[in-house]
Amino acid sequence: MKKSDKLLLAVFLVLIPVTLFIGGKLPGKGYYITGIAVITELCAPFFASFEKSKPQARELAVLAVMCALAVAGRIVIPIPHFKAVFALIMLTGISFGANAGFIVGAAAAFLSNFFYGQGAYMPWQMMAYGAGGMIAGFAFCNFKFPKKPWIMAVFGFFATVFWIGPLLDCSHMFLAMPEISLASLAASLASGFPVNISQGVCTAITMLVFGKPLIEKLDRIKLKYGISEAENGL
Amino acid sequence: MGFEQCHPAINFIYFAVVIYGAVSFRHPIFLMISFLCAFAYSIKRKGVRALLFNLALLPLTALFALYYCSYTHFGITVLNKNFIGNNITLEALLCGASLGISASSAIMWLSSFYCIITTDKIIYLFSELSPKAAMLLSVLLRIVPRIKTEAQRISLARFAIGRGITRGNIILRAKNFIGIFSALITETLDSLICVSESMQSRGSTLRGRKAFSIYRFDNRDRACVICMFALITLTAMGISLNQTDMIFDPKIIINPITPMSYLFYFAYAALCLMPLALELRTQYRFKKARKNVNTYPQR
């Protein structure tokens, strides 16, 4: 495992939960501060992954386009709880690795919330969306899952239903429930389950339809501009 | 002198203040002042097109008020009951109307904002802060028009080989659309990388770099700043005395109108009319000066 991946896991498992816990106690619009803190913490492993050189403009440009696509995938589809955003975040992770997936997921959650309304749940969403991109990056880049559409679709479905969805539902327990207990956790998870299923179905469909062409495009860009030539890159 | 010839910082501060006022004030007189001034100024800048656009905003405002009062039911003055049995109240209707008016005046201000604050001004202002931010902004500001023209070119080329989005039945059209969209994504990725690479190679991100600028802060700008900030201060006094606010829930409450209130109305109206007055005065002086010029010297 690379050094930057270890750093990413450390940030995800330790630093971000602590930030969310402390940030949940801030009054008023304190969630903006929490959100910015989460983004800042995430940037640390991302910039550490370019061990010697600073990130070039081209890497950031590719990530910006993927982020714009993910935001569009959430806004353009008019059906509630049936959004392509998770699939696009995961595709970024699949083709550029866990760090890039996390950054794009967090940024997509933050930006798309300007269309849906910001709230106290915003830092949680950033964490959960980013975690989706991260797990896809670990599975397909570090553990070398084959990048076939149906494998990506099955992976996307299970990752949405059993990973991103529960992470999002936990925020409900911490923010809205009067007490934090096993029963309230079960209630939040149960009430979120149908929503997670429908999101997972949309993710799988998007992976089946758009997975292959998008991966091809991104691989072409990587080859053409040498974005991941050394193993320490994106 | 048009308002666009003032220093960019003045334009920027002016629009920030005026749009803040349009969005946050709830008092009917302040709302009407902002709405009418935005209406007049956008017509002065953009002519008949702005007039048509602004007139189209009016029915939308009315529709929004109806929509708003159909799903919020606070207030004590009940006008009617809808088919589920919820109250339709006067307060909710007026609250919706005021939200609609403030949104449409903000849109009109924004349309004159885009007319006056051009991209070079934004880049000039931000390059003072940081050259990297200015480069990122200039790439981002160009990206939407760039994608638009590229989409037109791609769809024209696809149309020429018989794969336009106007050909065939609905399934074929969807397929053709996806083809165009896919080409557009590839092109955007490629061109964005090229643009940022080339801008970096030419030193756009170097420390201490400044953007091209033809702006200087002269005496006219100083006069503008003094007037503008005097009027802003008076309006801010109105805000701190709760003269700009209005409460809708549960009952409509406005602070009493005193002689001082007229001062605040006057200050806000003068602030909103400032660019329009500046431009009309210039036009008038120009015409007057022209009368004295003998275009054909008589012998």
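**Exercise 1.** How many residues does the contact take from chain B, and how many from chain A?

*Solution.* Keep in mind that this is a predicted model. Start with chain B, which puts 10 residues into the contact. Then turn to chain A, which supplies 9 residues. Now sort the chain B side by class: 4 residues are nonpolar, 5 are polar and 1 is charged.

**Exercise 2.** Find the largest nonpolar core and work out which helix gives the most to it.

*Solution.* First, the size: this core has 68 residues. Next, look for the residues with the most contacts inside it, and you'll land on A70(A), V104(A), A106(A) and A108(A). As for the helix, it's α6 of chain A, residues 122-142, which gives 12 residues to this core. There's also a second, separate core of 20 residues, and F30(B), C37(B), I101(B) and L271(B) are among its members.

**Exercise 3.** Zoom in on A108(A) and list what it touches, leaving out residues up to four places away in sequence.

*Solution.* Go through the partners in sequence order. You meet C67(A), A70(A) and V71(A), then V85(A) and I89(A), and finally Y129(A). One of these partners, A70(A), has already turned up among the residues with the most contacts inside the core.

**Exercise 4.** Sketch the layout of chain B from its N terminus on.

*Solution.* Count the elements to begin with: 9 helices and 2 strands. Then put them in order, which gives α-α-α-β-β-α-α-α-α-α-α. Check burial next: of the chain's 299 residues, 24% count as buried. Last, take the chain B contacts between residues at least 6 apart in sequence; 69% of them join residues at least 24 apart.

Technical notes. Residues numbered from 1 in each chain as written. Chains lettered and ligands numbered in written order. Predicted model: local features only at pLDDT ≥ 70, side-chain atom pairs only at ≥ 80, totals over all residues. Core = buried A, V, L, I, M, F, W, Y, C linked by C-beta atoms within 7 Å. Buried ≥ 20, exposed ≤ 12 C-beta atoms within 10 Å, placed from the backbone. Helix = DSSP H or I, 4+ residues; strand = E, 2+ residues; numbered from the N terminus. Contact = placed C-beta atoms within 7 Å. Nonpolar A, V, L, I, M, F, W, Y, C, P; charged D, E, K, R; others polar.
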